[in-house]
Amino acid sequence: MGAAELSMQDVADAAGVSKALIHYHYRDKESLLEQVATWATAQVLERERSALDGATASTAVDAVWRWLDEELDGGHLRLLLELGQYRVPRVRIAVQEFLRVRREAATDSIRHLFELLELRPRVPVELLARVVVAFIDGLASHPRGDDSRDVRVTFDVFWLSLLSLAE
C-alpha cells in the first residue's frame, strides 16, 4: 500500500490504537507522513554517518556495503522514495530536504572513504555523491528479493568504477 492509499484508520489498526489517538497526535494524514519522512531521514542518515566508523583501507568498501545491505533490507530508503511521489507539498518538502542532507552525508562518506583508501578523486566529490545517491535510489526502488548476491556484484562493479576516478 502506498502513501496515497493509506488511511488514518489503517495506521490505528496497525498500531493497535484508536483512530482518535492517532488524530490526537497528527491532525491529518499529511502531518503523519511528514513526521514519518523526518523520522526515516534521521534514521538513515545516522546509520550512514556511522557506516565507516572504525573502518580501515581494507574494510572500508565492505563497511559501505554492509550499511547499504541493511538499508535495503530495512526499507527506509524505499519508504522515502515512495513518499517523494506523494503529491502533498509538506511531505514532498520533507523528502526534498532528505535528498539535500543525504547528498551532504554522501559527500562526507565518499570523502572519508577516499581518505581511508589514500586516494584523491579526479572528479568533484559533490558530483560523485549525486551519482552514489542516484545509484542507491535505483537499488532501493526495487523490492528486495533473492537477488542480494547480484546486488552485491552490481555494488562492487559500481564502486570499482568510482574508485577508478581517483589518482
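**A cavity, its lining and the salt bridges around the fold**

Fourteen residues line the largest cavity, with Glu48, Val64, Trp67, Ser109 and Val132 lying nearest its centre. Keep in mind that this is a predicted model. Apart from the cavity, there are 12 salt bridges to look at across the whole structure, plus a nonpolar surface patch made by Val17, Leu21 and Tyr24.

**The cavity**

- The search turns up 1 cavity of 30 Å³ or more, and the space inside the largest cavity is about 140 Å³.
- Which elements give two or more residues to the lining of the largest cavity? They are α4 (60-74), α6 (89-116) and α7 (125-140).
- Helix α6 supplies the largest share of that lining, with 5 residues.
- As for chemistry, the lining of the largest cavity splits into 11 nonpolar, 1 polar and 2 charged residues.

**Salt bridges that link distant parts of the chain**

- Take Glu71 and Arg47 to begin with: they form a salt bridge, and their closest N and O atoms are 2.4 Å apart.
- That pair links distant parts of the chain, since Glu71 sits in helix α4 and Arg47 in helix α3 (residues 29-50), 24 residues apart.
- Is Glu71 buried or exposed? Glu71 has a relative accessible area of 2%, so it counts as buried, the cut-off being under 20%.
- Its partner Arg47 has 26% relative accessibility and therefore counts as partly exposed.
- Another bridge joins Arg152 to Asp62, with 2.6 Å between the closest N and O atoms.
- Because Arg152 belongs to helix α8 (residues 148-163) and Asp62 to helix α4, this pair ties together parts that are 90 residues apart in sequence.
- Both ends of this bridge are partly exposed: Arg152 has 22% relative accessibility, and Asp62 has 32%.

**A bridge within one helix, and a network**

- Arg100 and Glu104 also meet through their side chains in a salt bridge, at 2.4 Å from N to O.
- Why are Arg100 and Glu104 separated by about one helical turn? They are 4 residues apart in helix α6, which accounts for that spacing.
- On the accessibility side, Arg100 is partly exposed at 39%, and Glu104 is partly exposed at 39% too.
- Look as well for Asp28, Glu34 and Arg90, which are linked in a network of salt bridges.

**An exposed residue on α4**

- Helix α4 also holds Asp73.
- With 53% relative accessibility, Asp73 counts as exposed, because the cut-off for that label is over 50%.
- How many residues separate Asp73 and Ala140 in sequence? The two are 67 residues apart along the chain, and their C-alpha atoms are 9.1 Å apart in space.

**The nonpolar surface patch**

- Together, Val17, Leu21 and Tyr24 put about 310 Å² of accessible area into a nonpolar patch on the surface.
- One of the three, Leu21, lies in helix α2 (residues 19-25).
- Leu21 is partly exposed, its relative accessible area being 37%.

**Worth a second look in the viewer**

- Helix α4 comes up repeatedly: it is among the elements that give two or more residues to the cavity lining, it carries Glu71 of the bridge to Arg47, and it carries Asp62 of the bridge to Arg152.
- Helix α6 is worth a visit too, as the source of 5 lining residues and the home of the pair Arg100 and Glu104.

Technical notes. Residues numbered from 1 in each chain as written. Predicted model: local features only at pLDDT ≥ 70, side-chain atom pairs only at ≥ 80, totals over all residues. Heavy atoms only, no water. 1 Å grid on protein atoms, 1.4 Å probe; cavity = no way out; pocket = protein on both sides within 12 Å on 5 of 7 lines; lining within 4 Å. Points joined across faces, edges and corners; volume = space filled by probe spheres on them. Nonpolar A, V, L, I, M, F, W, Y, C, P; charged D, E, K, R; others polar. Salt bridge = Lys/Arg side-chain N within 4 Å of Asp/Glu carboxyl O. Buried < 20%, exposed > 50% of the residue type's maximum accessible area, 1.4 Å probe, protein only. Patch = residues over 30% accessible without salt bridge, like charges linked within 9 Å, V, L, I, M, F, W, Y side chains within 5 Å. Areas by Shrake-Rupley, 256 points an atom, 1.4 Å probe, with all protein chains shown as cover.
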